[in-house]
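Hi,

Here's the structure I said I'd send over. Have a look at it first, and then read on for what turned up.

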Amino acid sequence: MHAVIKAQLSEFSSRNHAERLTETEYFEVFSIHAVENGLLTQNLNPFDAHLKGVEFGLDGVAITVQGELCRTTDDAQAALATGRNHIAEFHFFQSKTSEAVEYGDVSKFLDAVYDFFTLGSLARSPQISDLREAKDLIYSSVSKTNPTLRCFYCTTGTGQVSEPIQKLIEASKDRLDALSLFSTIDVQVFGAKNLQGGYRAATNSISCTIEFTKAITLPVHESVQEGFIGFIAAPELVKLATLETDAGEPRAVNRAVFYDNIRDFNPTSEINQSILAEISAGNHKSFIFKNNGVTVIAREVVRTRDTFKIEDYQIVNGCQTTNILFLAGDKAKDISVPFRLIVSSDSDFIASIIVGTNKQNEVKEDQFWALSPFMKDLEEYCRAQKPDDAIFIERRENQYRELQVERTRIFKPGDLMKAIAAMYLWQPNRAARDYRGIRKEFATKVFQPSHNVELYHLAALASYRFDFYVRNNRIDRSRGIYKFYTLYALVRGILNDKDLLTSERKKQTSAIKAMVEVVSDETKFLSLIERVAATLDGLISAAGLSTREQIRDYIRAESVVELFSNNHFKSSL
């Protein structure tokens, strides 16, 4: 194996030591991480995109809708519920630790991709079945723009392909294109250099140097180290918001710098089209008067006259502006943009800026909600636990990029809400697919300042442990769909109290102690999972259901929660 790749792989596996994988399997996940989180600047858990076991021609599949990873129809349904004009992408991975690019392996890989969208006869594992069902749901919902297809063959060699392999790739692209399912099709072979760069990008902070010639220093503020306001040239803004080619030219928008998810940008909307048309017509002088401006928050800025080196930054307001200017290219070179640059390490103050600058825009509810004072307290509490119990609440996109943190211990606010819905709101049937609806319905009953952070940490920890047992084959993967019923049973089996979040501390302390005893003991937790599965299996059998989709639909019904409770807790006595 390439020496640098081997060193990076060793670091990656040590950061994620809890996952019990072979070196080959770690390399498969490492490749997904380097490509998705580094080269493509996504923010997803590569272990969730990894295919465990032996699948024909595939090592990983990442299906995303609006940047959200979809492993099942539940995930897809939740992502599709966020709005309209969804942008979907299908990414497929095959990784080889050998340096050679073999014709047979590439052929097998591309056959597996084609089969995924057609007969589905080459791979029939539960994981692939779930992914194909998610794919079908996405195609039934995405109408304006066909999804993007990207295929990545990763190796530790140079990544150079022979003429026969290049012809094979082109023929496979033609065959896939004939399906008329994709807006674009991209097949790439990545070697050691690509993976090295991707891994570094995925683990290092973002840095950029710009010319800010019209900067005025902002007034002193106790939460701000430095602040500047003025206007900058459009090409300088585009530098902040894009990845560059080796020649220094912008090649793609860098999703990682946007607090507001870049995938929400819609280039075909009427307003964006009208702005682009105005730029194309040469009406550049009026842009600065019509635009609300761009706000950047950074951890550090080094200024040398008009040159600003900006470290670890986020564009918290200006997603539409930067995307439009990127699309306009050279036509926007004479445009100036209102610009604010704020250097601060005060998370509460940063939160207030984000909320204040985005009130006029359609920003994801999860993002504002994640900035609440309670979530800050919860984040600090969860991080401070002993290593086996530590959970990292990601209140800001990519905030743990530089820290040596197990990827699987990072929880987005939406992931936490699902666990809370199942455990403390007694909504295991809705947790996976309708957690946004639950959050809206129970907005005043969760994440309140007076709540006990221990209860929320325990929910995240139980969710993490369940997923860990599935990924590491401690339980059959078919049990994965019973996750939220297991979390529900964990609480209700110990304390039949639907208002545990607001109960007196003495009752909470007693319940937490009993639940921790189960969650922290592998034998006891696995036993609980199997008992929940046995109860649900019995109900499913009695209902005469067989397919995974039928089973998923069945356990989402509110009536099944009552049936489950009547059977499970009665038999547990």
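**What turned up**

Trp-426 sits in the loop between α16 and α17. Before going further, keep in mind that this is a predicted model. Trp-426 isn't a glycine, yet its phi is positive, at about 55 degrees. Its relative accessibility is 13%, so Trp-426 counts as buried, the cut-off being under 20%.

Asp-312 is another one with a positive phi, here about 50 degrees, and again it is not a glycine. You'll find Asp-312 in strand β13. With a relative accessible area of 22%, Asp-312 is partly exposed.

While you're in that strand, look at Lys-309, which also belongs to β13 (residues 307-317). Lys-309 is partly exposed too, with a relative accessible area of 38%. If you leave aside neighbours within four places in sequence, Lys-309 is in contact with Ser-207, Cys-208, Thr-209, Glu-300, Val-301 and Val-302. There's also a long-range pair here: Lys-309 and Glu-211 are 98 residues apart along the chain, and their C-alpha atoms are separated by 8.9 Å.

**Helices around α18**

Back to α16 (residues 413-423), the helix that leads into the Trp-426 loop. α16 packs on α18 (residues 453-471) at an angle of about 100 degrees, with the axes 9 Å apart. An angle from 65 to 115 degrees counts as roughly perpendicular, so α16 is roughly perpendicular to α18. On the α16 side the contact is made by Leu-416, Ala-419, Ile-420 and Met-423, and on the α18 side by Tyr-456, Ala-459, Ala-460, Ala-462 and Ser-463. Sorted by class, that's eight nonpolar residues, one polar and no charged ones.

α18 has a second partner to look at, helix α20 (residues 505-519). Their axes come within 11 Å and cross at roughly 15 degrees. With under 35 degrees as the cut-off, that makes α18 roughly parallel to α20. The crossing of these two is left-handed. From α18, Glu-454, Leu-455, Leu-458, Leu-461, Ala-462 and Arg-465 take part, and they meet Gln-508, Ile-512, Met-515, Val-516 and Val-519 of α20. The residues of this contact divide into eight nonpolar, one polar and two charged. Ala-462 is listed in the contact with α16 and in the one with α20.

Just ahead of α18, in the loop that joins α17 to α18, is His-451. Is His-451 buried or exposed? At 7% relative accessibility, His-451 counts as buried. Its side chain makes a polar contact of 2.7 Å with the side chain of Tyr-456, and Tyr-456 is one of the α18 residues in the contact with α16. Not counting residues up to four places away in sequence, His-451 touches Phe-374, Lys-445, Val-446, Tyr-456, Leu-501, Thr-502 and Arg-505.

**A buried helix**

Next is α4 (residues 73-80). Seven of its eight residues are buried, so α4 is largely enclosed by the rest of the structure. The buried ones are Thr-73, Asp-74, Asp-75, Ala-76, Ala-78, Ala-79 and Leu-80. What do the buried residues of α4 pack against? They pack against β2 (58-65), β3 (68-69), α6 (126-141), α16, α17 (435-441) and α22 (548-555). At the start of α4, a side-chain oxygen of Thr-72 comes to within 3.2 Å of the backbone nitrogen of Asp-74.

**The N-terminal end**

Last stop: helix α1 (residues 3-15) and α2, whose axes come within 10 Å and cross at roughly 95 degrees. The two helices are therefore roughly perpendicular to each other. In this contact Ile-5, Lys-6, Gln-8, Leu-9, Phe-12 and Ser-13 of α1 meet Glu-23, Tyr-26, Phe-27, Val-29, Phe-30 and His-33 of α2. By class there are seven nonpolar, three polar and two charged residues.

Also in α2 (residues 23-39) is Glu-36. Glu-36 is buried, with a relative accessible area of 0%. Apart from residues up to four places away in sequence, Glu-36 touches Thr-41, Gln-42, Leu-44, Ala-62, His-91 and Phe-93.

Cheers

Terms used. Residues numbered from 1 in each chain as written. Predicted model: local features only at pLDDT ≥ 70, side-chain atom pairs only at ≥ 80, totals over all residues. Heavy atoms only, no water. Axes fitted to C-alpha atoms, helices over the stretch in contact; angles between N-to-C directions. Helix = DSSP H or I, 4+ residues; strand = E, 2+ residues; numbered from the N terminus. Parallel < 35°, antiparallel > 145°, perpendicular 65-115°, else oblique. Contact = heavy atoms within 4.5 Å. Nonpolar A, V, L, I, M, F, W, Y, C, P; charged D, E, K, R; others polar. Left-handed = near helix turned anticlockwise from the far one by under 90°. Buried < 20%, exposed > 50% of the residue type's maximum accessible area, 1.4 Å probe, protein only. Polar contact = N/O pair within 3.5 Å; in protein donor to acceptor, adjacent residues only side chain to side chain.
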